[in-house]
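Trainee: Could you show me how to read strands, surface charge and burial in a protein model?
Mentor: Gladly; let us look at the model together.

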Amino acid sequence: MELFRYRPFARGLQEIQEQTIYFAPREDLNDPAAEGFLNVYWQGDRIAWEGLFRNYVCSLYNAINLYLLQAEHSVIKESAAMIDIHRFDDVPAGKTLEKLGDTFLQCENVKQLTIDLSEGKPRISRDELLFFLYTFHLRALLEVLNAFIDADYNEESFVEFRDKLTLSIQERRLPSLKAFLKEDIVARQKILHGMISKHEDYYTMCVAEISDKQKKTWMSVVCNFPQLYIDYLENLIHPETYVACFSASGNNNAMWGQYAGNHTGVCMIYDTHTSNGNECIALRKKYGVSSSGEEYEKYIDEVCYPINYGGNVCEANFFTTLGRLNGKELHGWLASKDGKRSCCLNAIYEQEDKWRKEYWQLLYDRYCHKTKEWEYEQEYRLLLISSFFDYTKRESRVIKYHFSDLKGIILGAKMLPENRMIIVDAIEKQCRKYGRDDFKVYVAEYDHNTDSIIKRPLYG
């Protein structure tokens, strides 16, 4: 099967000379809001909800601790949730976190909310959870400040803020949410989405007027931490995944304009091979580590996944999709202090093989879904998943392919003559290196008879 990869001139030249394919992060894709989107919801028993709320207050403690160490906002955002709140159990900080979690869970409103969310196990949307976290965020903040002061952190402004916060919090018991949670989830979503949106708009306006970096960071913790926390939780489900895009079409005028430098770039022609019923391209990837820490690489067949356009958005229950956590970490979230397991933890362990298969299928589905508007691209994707190796650095996501899998190349209709010669020279050099005489070079041009872009052999 032929797959086409549209590239600007410089990147196309690099991919020829180095025999590499670059994998982009989700935020660099052309529709980052929808691509890779996962509709996360929360549905669990009391143990699961208590684990979440305990983690929330401990994570808030960690965020304020980072602020006091003058960490930048990006650092706090990237560690908004503590994956393992028990990692400090053997040092004094562990006792502080344990006491903080116990105290917070005993707060009347937190206790009532935990009961309401666990009885009948209603399905809770992102906006609903965000609203609930905002309702007791100030109480969580107060408990965290008390924990710092109890640990002898008595900086004057810190204590003063704690005292003002104490006076501002009215200990009115919130009504039960049982009746509200029995309403249709769409209706509930509409009510709370409007409230959350107004808060976000107001917060954005306030932050825009602050120039001091540390003040902005403090505002993000005091006023916007529930948002940072839920953003992190959603990213906790699957490992970071990077994408290389291809198309089944090599004559798409719009794609030449959008992805190939307005027709000044190139279109690479790859020849896939079939393996286990899938179309694949072999890539040189990391596959193991020696005792000395050296990473081994070898060529591995990677599946070219076709994009599903339209259809249902992928969704997942947070409590039963924590595939990035190890056994100890899972118990920290989904088991009580006395060792009782949440039903969500049992759901993972009781059919582990089935759960694992569905977990990975969900990752493929979410990263191979786009809205109907993009259907003209006829897209296929290679995925690079940071499950065992870290691909955070850009250079680690530049992956080699076999030159024999690059069947040919199409030069853009508006490519500069000097750039055309540079590309042709690079191809000839690679063909001499690998002893190839079957590499095809074409030029794209407009055919008024068919009103489309066609390719003709160079010098043909």
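The dialogue below takes up strands, then a charged patch, then a buried residue.

Mentor: This is a predicted model, in which local features need pLDDT of at least 70 and side-chain atom pairs count only at pLDDT 80 or more, while totals for chains, interfaces and linings use all residues. Residues are numbered from 1 along each chain as its sequence is written, and side-chain values use heavy atoms, with hydrogens and water left out.

Trainee: Which strands pair with strand S14?
Mentor: Helices (H or I, at least four residues) and strands (E, at least two) are DSSP runs, numbered from the N terminus, and two strands pair if DSSP finds at least two bridges between them. Here strand S2 (residues 20-22) pairs with S14 in the antiparallel sense over 3 bridges, and Tyr22 stands opposite Val398. Strand S7 (residues 278-289) is also antiparallel to S14, with 2 bridges, and Arg284 has Lys400 as its bridge partner.

Trainee: Which residues of S14 lie on the covered face, and which on the uncovered one?
Mentor: In a regular strand the side chains alternate between the two faces of the sheet. In S14 (residues 398-401), Ile399 and Tyr401 form the covered face, whereas Val398 and Lys400 form the uncovered one.

Trainee: Which residues gather with Lys400 in the patch of positive charge?
Mentor: A patch is made of residues with over 30% relative accessible area and no salt bridge (a side-chain nitrogen of Lys or Arg within 4 Å of a carboxyl oxygen of Asp or Glu), and like charges are joined within 9 Å. On this surface, Lys400 gathers with Lys429, Arg432 and Lys433. Helix H15 (residues 417-434) gives the most to the patch, with 3 residues.

Trainee: Is Lys429 buried or exposed?
Mentor: Buried means under 20% relative accessible area, exposed over 50%, and partly exposed in between, with a 1.4 Å probe and protein chains only. Lys429, which is found in H15, counts as exposed because its relative accessibility is 58%. By contrast, Leu52 in helix H2 (residues 46-68) is buried, with a relative accessible area of 1%.

Trainee: How far apart are Leu52 and Leu334 in sequence and in space?
Mentor: They are 282 residues apart in sequence and 8.4 Å apart in space, C-alpha to C-alpha.

Trainee: In which sense does strand S16 run beside S15 and S17?
Mentor: S16 (residues 440-447) runs parallel to S15 (residues 406-411), joined by 4 bridges, and antiparallel to S17 (residues 452-457), joined by 6 bridges.

Conventions. Patch = residues over 30% accessible without salt bridge, like charges linked within 9 Å, V, L, I, M, F, W, Y side chains within 5 Å. Areas by Shrake-Rupley, 256 points an atom, 1.4 Å probe, with all protein chains shown as cover. Lys, Arg positive; Asp, Glu negative; His and termini not counted. Charge placed at Lys NZ, Arg CZ, Asp CG, Glu CD.
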